[in-house]
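User: I have a model with a ligand in it and would like each label explained. Please set the values against the cut-offs.

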Amino acid sequence: MTKHSSGSRIPGFYNLNLEERLVEIARRGDLSACDIAILKGDTSLTLDQADHMIENVVGLFSLPLGIALNFVVNSREVLVPMAVEEPSVVAGASFMAKLVRAGGGFIADSTAPEMIAQIQVLDVPDLDSACKKVLEGKDRLLSESAQVDPLLIKLGGGPRDLEVRIIQDSPIGPFLVLHLIYDVRDAMGANAINTAAERIAPTIEELTGGRTLLRILSNLADRRLARARCTIPLSKLAFGDYSGAEVRDGIIAAWAFAISDPYRAATHNKGIMNGVDAVVIATGNDWRAIEAGAHAYAARNGTYTSLSSWGCDESGNLIGSLEMPMAVGIVGGATKVHPTAGVALKLMGVETASQLGEIIVSVGLAQNLAALRALTTEGIQRGHMNLHARQVAIAAGAEGDIIERLAEQLAAENSVRVDRAEEILKEWRNNGTGD
Ligand code: MEV
């Protein structure tokens, strides 16, 4: 495991300037000067690299990269890189991780990194006998599928199982679907599993007498789950005029809303994905895959609902948990090509994809807690607006120290709007205080 100089708790980090923050992160994450240059964007993804990643490249697109503090996941301190454009997300995760660490930190685990590839078989003369033949030929199909990636087999991955389903009711009538279950170890696994599905398609046609059409992974990766749970001591929930019990009960009532109503569940889960996606993006992983998997999983019982659960233990402490599909990798694809993703993984000191998934789901749970705590107490806008004001100040043309000063002024006036920001800037410039 990567050795880190110290923990994820850095009091006053927010008040350090950018250079000081980088020094602190470098020290704690054992990052080199080269890593720091990458984080700063000086030597990150080049146009030339980008040109080889996708088509018709004309430029690069940047996002802010922040560090969530205070995370302890399975007793390990971890500094979490988050790539996100939305204010309050990094601060929210960090603050909640601080409350959770008082209750022992996040406890997380995951299932084996098994992905599912689907093979659609049409024009099957006899569906029941085709199912039987496929199951009889399972060993042959699995060993054929193992041939596509000898390295993965050497690393302990490879085919695990084959399942057959008949889709009875569809607009084109009944057809057969095969699920190839494949352990992809530390890869996201799309390439390995799609190749394996394509490889066995001719044998499936031979066995079933049908015609294979789609051969592609399922993003409902419900065999590759990551789970996190946490306990927040009641005393840590109290703040301002709110008692711990009031905050706890508010959070549980908010969760009950999400459990019972898809309109609320969508927003509740969006809050979770604020944290999840930010780490997925920072590590160069496919956030569309994670999003698709999350929402399909949230609707797995037929009604879209909350991905997380909140309740209280026998001592009255708040307890929360989150479980979701987690198809992320730490080898291959953009995780290796994108220099910032490499530094992000190094900073977290993760050695397996499962470990990364466990951190991600912990951040999702922290983010959910941050949103529910704010929504059920002082409301989301207060903290949000103060941070949003900075973006508005920048949009109005403020630079350097003026950004903070202008943001404060906008928040104080309760008019966080670009037109008002421009007006104030103009006034300050005219009277010589705006530079
Ligand atoms: C905003 O990005 C996320 C929230 O809407 C989540 C929630 O409502 O739970 C605050």
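User: What makes the pair formed by arginine 264 and the ligand a polar contact?

Analyst: A polar side-chain atom of arginine 264 lies 2.7 Å from an oxygen atom of the ligand. A polar contact is a pair of N or O atoms within 3.5 Å; within protein, one must be able to donate a hydrogen and the other to accept it, and residues adjacent in sequence count only if both atoms are side-chain atoms. The value of 2.7 Å is within 3.5 Å, so the pair qualifies. Glutamate 86 also places a polar side-chain atom 2.7 Å from a ligand oxygen, and for lysine 270 an N or O atom of the side chain is 2.7 Å from an oxygen atom of the ligand.

User: How much of the ligand does the protein bury?

Analyst: The protein buries 83% of the 300 Å² that the ligand exposes when taken alone. Such areas come from the Shrake-Rupley method with a 1.4 Å probe; for residues, only the protein chains shown count as cover.

User: Which elements give two or more residues to the shell around the ligand?

Analyst: They are helix H11 (262-282) and helix H15 (353-375). H11 gives the largest share, 6 residues. Helices (H or I, at least four residues) and strands (E, at least two) are DSSP runs, numbered from the N terminus.

User: How far can I trust such values, and how are residues numbered?

Analyst: This is a predicted model: local features need pLDDT of at least 70, side-chain atom pairs count only at pLDDT 80 or more, and totals for chains, interfaces and linings use all residues. Residues are numbered from 1 along each chain as its sequence is written, and side-chain values use heavy atoms, with hydrogens and water left out.

User: Why is asparagine 70 called buried?

Analyst: Asparagine 70 has 5% relative accessibility. Buried means under 20% relative accessible area, exposed over 50%, partly exposed in between (1.4 Å probe, protein chains only). Asparagine 70 therefore counts as buried. The residue is found in strand S1 (residues 65-73).

User: What does the side chain of asparagine 70 pair with?

Analyst: A polar contact of 3.5 Å joins it to the side chain of arginine 9. A polar atom of the asparagine 70 side chain also lies 2.8 Å from the backbone oxygen of serine 94.

User: Which residues is asparagine 70 in contact with?

Analyst: Leaving aside neighbours within four places in sequence, asparagine 70 is in contact (heavy atoms within 4.5 Å) with Ser8, Arg9, Ile10, Ser94, Ala97, Lys98 and Arg101.
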